[in-house]
Amino acid sequence: MLFVVRMAARELRASWRRLLFFFICVAIGVGAIVALRSVIQSVRLGLMREARAMIAADVIVQTNRPWTAESREAVDKRLAAAPVLERTESVETTTMVRAEKGANVARMVELRAVETGFPFYGTLGLQSGRAYRHSVIENHGALVGPELLVQLGVAVGDRIVISGRPFEIRDVITQEPGRRVGAFTFGSRVIIDLKDLRETGLLTVGSRASNQILLRVRDDGVVPLTRRLREDLRDQFINARSYKALEDDIGEDLARAENYLSLVGFVIVVLGGIGVWSVTRVFVKQKIRSVAILKCVGATTRQVLATYVVQVVLLGLAGGLLGVALAQVGMMSIPASVAAALGGMTYGLTWSAVLQGVSVGLLVSLLFALVPLLEVRRIKPLLLLRGGESLPPPGAAARPRAGIKKTVVDFFRGLDWLQVGAAFLVTLGLVGVASWQAASLKAGAIVSIGFAVVAVVLYAASWVVVRAVMPLASTPWFPMRHAVLSLRRPGNQTRVILLAVGLGSFFVLGVRALQENLISEFSVEMDERGADMFLVDVQQDQVEGVRTLVRERQDKGAPEPRLVPTLRARVTGVRGRDVNLDSYADVRGRGSLAREYVITYRSNLERNEEITGGKFWDADTSSTGDNEVSIEQSIHERFDINVGDVMRFDVIGRTIEARVTSVRRVEWEDSRSGGFMFVFKPIALANAPHSFIGFVKGPSDPTARARFQHELVTRYPNVTAIDGREIIARIQAVVENVVRAVSIVGGVALFSGVLILIGAVAMTKFQRVYEAAILRTLGASTRTLGMMLALEYCALGLLAGLIGAAGAFGLSWAVTKHLFEIPWRPAPGLLAIGTLLTMVLVGTIGVLSSADVLRRKPLSTLRAE
Amino acid sequence: MIELHGVSKTVPSGSGTLTILHPLDLTIQGGCVAAITGPSGSGKSTLLGLIAGLDSPSEGQIVIDGADITALGEDALARLRGTRIGFVFQFFHLLPSLTALENVLVPLEIAGGRGAARRADSLLAEVGLSERRHHYPSQLSGGEQQRVAIARALANDPPILLADEPTGNLDTATGHQVIELLLGINKTRKTTLILVTHDPELAAVADVTIALRDGRIIRNTTREAASIT
């Protein structure tokens with residue numbers, strides 16, 4: 001053992017430079033795993049620590065409907081029986097806000113109205129530095145997000161108008177429990193006193209508000225109280241959640257995110273592993289003579305193998321530690337803005353991430369080095385007498401046979417079964433490591449199988465292309481002929497380079513192609529004729545006024561504003577052919593059928609709708625006769641509800657029965673006309689209290705747009721205008737952030753690919769240097785040799801780029817079709833440019849890292865041989 | 001004593017087999033100097049390789065000090081070479097990544113045991129290379145490299161020393177020094193020395209000369225300590 005360790009150390013002293021790529025390959029993968037895991041673990045720890053602050057209470061009881069005497073009593077009864085220490089109420093809603101004086105604009109905000117005692121946990125940070133007390137907002141005071149000051153052109157002390165009532169800006173919110181900077185919101189935050197909100201008339205029937213009761217509860221009472229409230233009050237649209245459940249949710253979600261992101265790291269480690277495999281393969285070839293000498297002076301195969309395994313372990317460890325250092329550097333360079341967006345946490349490497357990363361690096365190094373290292377067994381000391389420097393093929397003694405059957409027999413005889421067994425073990429090992437990283441055997445297996453498939457495809461592609469270009473080997477142009485021959489030379493790195501660079505370019509191009517698809521989808525959604533502004537909570541008596549105002553302010557030729565009545569309802573029973581649900585409890589047994597639906601009524605079909613069963617009511621008779629409802633295809637399919645069945649609904653407290661008379665299919669992709677699961681015949685609902693949603697094409701000039709919103713809010717304070725353009729800009733910003741993050745990962749993958757490329761080139765250089773020396777002796781110029789190299793690497797790059805582009809093509813198709821469910825647009829320009837760039841990149845790097853081949857004097861090379 | 005009984009060696013070649021050594025019998029007494037001579041391709045190195053256990057015969061038996069080595073596996077043969085047989089090559093075959101001292105240390109460390117460093121130092125002193133012990137092979141001349149190789153071959157004090165054209169890659173003067181060294185070792189340590197050589201001068205000082213041609217022994221000369229059956 002001592003010999004093995006000493007020998008490994010001595011060998012490393014001499015060959016660490018040649019194996020540099022080995023540990024860089026490992027380091028990048030380990031760095032990716034450690035950094036990704038550490039960031040997410042930091043976020044998780046931080047969020048879990050803040051779980052109480054995030055809901056500002058121990059338990060929060062919440063309903064989207066106004067509290068009724070009945071529902072309040074039901075809640076109070078249960079709270080009275082629990083160890084509740086303190087309670088306070090809060091309402092959250094979206095509404096429009098304008099400045100009393102100042103800029104002529106109005107903005108949608110996320111309004112929160114609170115009582116004394118809020119928040120029980122966490123701090124509401126104020127710009128002035130004073131501590132928040134309820135008295136700050138009492139008597140028509142407001143706290144606002146910093147961006148609202150800019151948007152409305154107001155300052156602390158000025159007044160803003162909410163639902164027609166003036167509120168004085170008393171301070172600016174710098175930190176709010178549970179609300180993160182950079183997270184997606186519909187607008188800036190405004191906090192006012194709940195008492196004042198009740199006076200505004202914003203909380204009318206059908207308005208969208210979340211009514212909350214925040215509770216401080218003795219620790220042992222949190223879980224039972226939450227469970228009890230949930231079970232007892234579900235039928236009344238009341239939900240309860242505790243900080244503990246939030247903790248669990250955060251924990252689970254982030255653990256899942258951590259595991260899946262670690263799989264991305266694992267993919268990079270495997271790319272590194274491919275580098276390790278290629279380096280080890282060439283390394284063993286270079287070490288044939290040394291191994292023979294060791295065997296000649298008495299070392300057993302096991303000792304020699306152990307020597308190299310120890311080297312791999314040391315290098316894998318060194319690579320892992322370098323990876324940890326890289327991760328640390330990476331974490332330190334997370335921009336403050338990103339850190340703030342992720343919750344302003346402090347990030348640091350976590351021990352578990354470091355341990356996992358280093359072990360994965362070590363395991364992958366060992367697994368990938370094992371198969372090529374086993375070649376050591378076949379090295380015979382006799383070659384020292386024979387002067388041979390190549391390995392005898394396994395089963396070399398077997399004579400070649402004729403005929404396919406015999407060829408197959410020879411093929412199997414020629415296999416080194418120990419290596420085949422080792423390869424099998426390595427595969428199992430990789431599945432194991434991947435499953436460990438994903439914390440799921442299925443995910444691990446899928447990733448490993450995916451990798452195997454990609455590897456096989458790339459292998460097959462390289463086989464096909466190498467043969468396809470072979471006719472060029474007989475071209476009279478010397479550099480071309482030799483470049484083509486090089487792709488097939490014994491010990492070539494064609495497959496390794498294709499695999500590494502192909503995967504890297506697949507990552508980068510795939511993500512870019514997806515991004516292009518998503519962005520063009522949003523721009524289509526925002527086409528010139530479509531609605532780009534949505535008016536929410538328009539009351540029945542405001543419909544005509546709003547319609548007139550919109551018409552007056554719209555651009556010429558803009559489509560008519562559409563105001564659609566909406567109500568909220570839930571299914572409480574079904575009497576039907578295939579399904580009978582007597583009570584809401586029965587409906588709940590059918591999963592999502594029990595959820596609250598937004599419904600509408602009208603006398604005609606929309607252009608994105610099509611009847612697939614039954615008959616839609618006539619426009620003329622829609623105000624007379626029985627109640628009828630038209631259901632969407634998916635409701636029909638998922639819940640076996642058919643034409644002729646009778647459904648019972650609870651529409652804001654009123655029970656309405658309606659017969660299903662038609663099944664509609666909604667083209668959801670064309671959602672500008674709106675999409676509803678249940679459409680009622682007007683007779684059923686026209687007299688129920690309800691509000692309207694407006695689909696409006698707003699003025700295209702930004703100033704006119706702002707003025708229009710201001711005017712709308714001044715006249716109809718309860719109406720909220722959601723500016724589609726703004727929302728889409730925000731969504732695009734979120735998408736861009738995601739794309740940036742994925743691109744960084746793709747970039748790291750591509751970088752690994754490039755490193756493997758450099759490594760592969762460096763490892764085969766000794767062979768090239770020798771060939772170049774001979775060619776030079778025979779009269780080849782530097783230019784010819786350079787041309788040969790350039791052609792060879794450009795061909796490799798082109799192929800790798802094509803493979804990556806083909807993968808990206810497939811990925812963007814699959815994800816847009818099946819995950820995002822948006823129309824797929826191939827991005828031929830992007831993929832073509834990507835392929836060309838890959839070619840140029842590989843060509844340049846190939847030639848640059850072979851510069852030595854071109855510079856060396858032939859004599860010194862030949863003498864050394 | 002080294003005994004070869006009916007030893008032959010054939011290798012597959014194209015569609016048939018090629019005979020490198022025809023069946024031969026040979027006995028070499030312990031402590032003598034034996035020279036194997038013959039033209040290129042006559043089977044000299046193959047014969048030496050078989051005796052060293054670097055290759056196994058196609059047929060026949062090789063017995064060293066009463067033990068049949070043909071029955072041994074690869075690792076057992078490696079252990080045999082490590083302890084009982086030293087080998088010197090025409091092209092030295094030092095490990096390029098190790099210093100002179102470390103090259104000599106390798107077989108000592110493989111065999112285990114104490115005092116390896118002291119023993120390696122004294123062996124290097126014996127071949128006159130104490131001053132160069134921390135040099136790498138690339139920093140040594142051909143003669144020096146060969147002397148390191150001899151020191152390495154002697155590391156575990158093997159009773160048998162095999163040398164494949166040990167002077168073949170050296171100039172005449174350096175070659176002389178190496179021959180002196182090898183013969184000196186044979187005398188002082190009573191090591192059996194078997195040499196493959198083209199050098200008639202070297203063959204002349206051997207106790208036994210075995211001449212090969214086309215894989216057959218065509219002549220042997222016994223001075224006193226060797227006999228051929």
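**View 1. The contact between chain A and chain B in the predicted model.** Here 26 residues of chain A are in contact with 27 residues of chain B. On the side of chain A that touches chain B, four helices each supply at least two residues: α1 (2-15), α9 (288-296), α10 (301-332) and α13 (383-386). The largest share comes from α1(A), with 7 residues. By residue type, this side of chain A divides into 13 nonpolar, 6 polar and 7 charged residues.

**View 2. An open sheet of 6 strands in chain B.** The strand order is β6-β7-β8-β3-β9-β10, and the pairing is mixed. At the edges stand β6 (85-88) and β10 (216-222) of chain B; each has a single partner strand, so one side of each is left without a neighbour in the sheet. On average, neighbouring strands are turned by 15° against each other, direction ignored.

**View 3. Strands β3 and β9 of chain B as a pair.** Strand β3 covers residues 33-37 and strand β9 residues 208-213 of chain B. The two pair in the parallel sense, over 4 bridges. Which residue of β9(B) is the bridge partner of Ala35(B)? The partner is Thr209(B).

**View 4. Helix α1 of chain B on the sheet.** This helix, residues 44-51, packs on the sheet and touches β3, β7 (160-164), β8 (192-196) and β9 of chain B. The direction of α1(B) makes about 150° with that of β8(B).

**View 5. Helix α5 of chain B across two strands.** Helix α5, residues 142-153 of chain B, lies across β6 and β7 of chain B. Relative to β6(B), helix α5(B) runs at about 170°.

Note on methods
Residues numbered from 1 in each chain as written. Chains lettered and ligands numbered in written order. Predicted model: local features only at pLDDT ≥ 70, side-chain atom pairs only at ≥ 80, totals over all residues. Contact = placed C-beta atoms within 7 Å. Nonpolar A, V, L, I, M, F, W, Y, C, P; charged D, E, K, R; others polar. Pairing = 2+ DSSP bridges. Axes fitted to C-alpha atoms, helices over the stretch in contact; angles between N-to-C directions.
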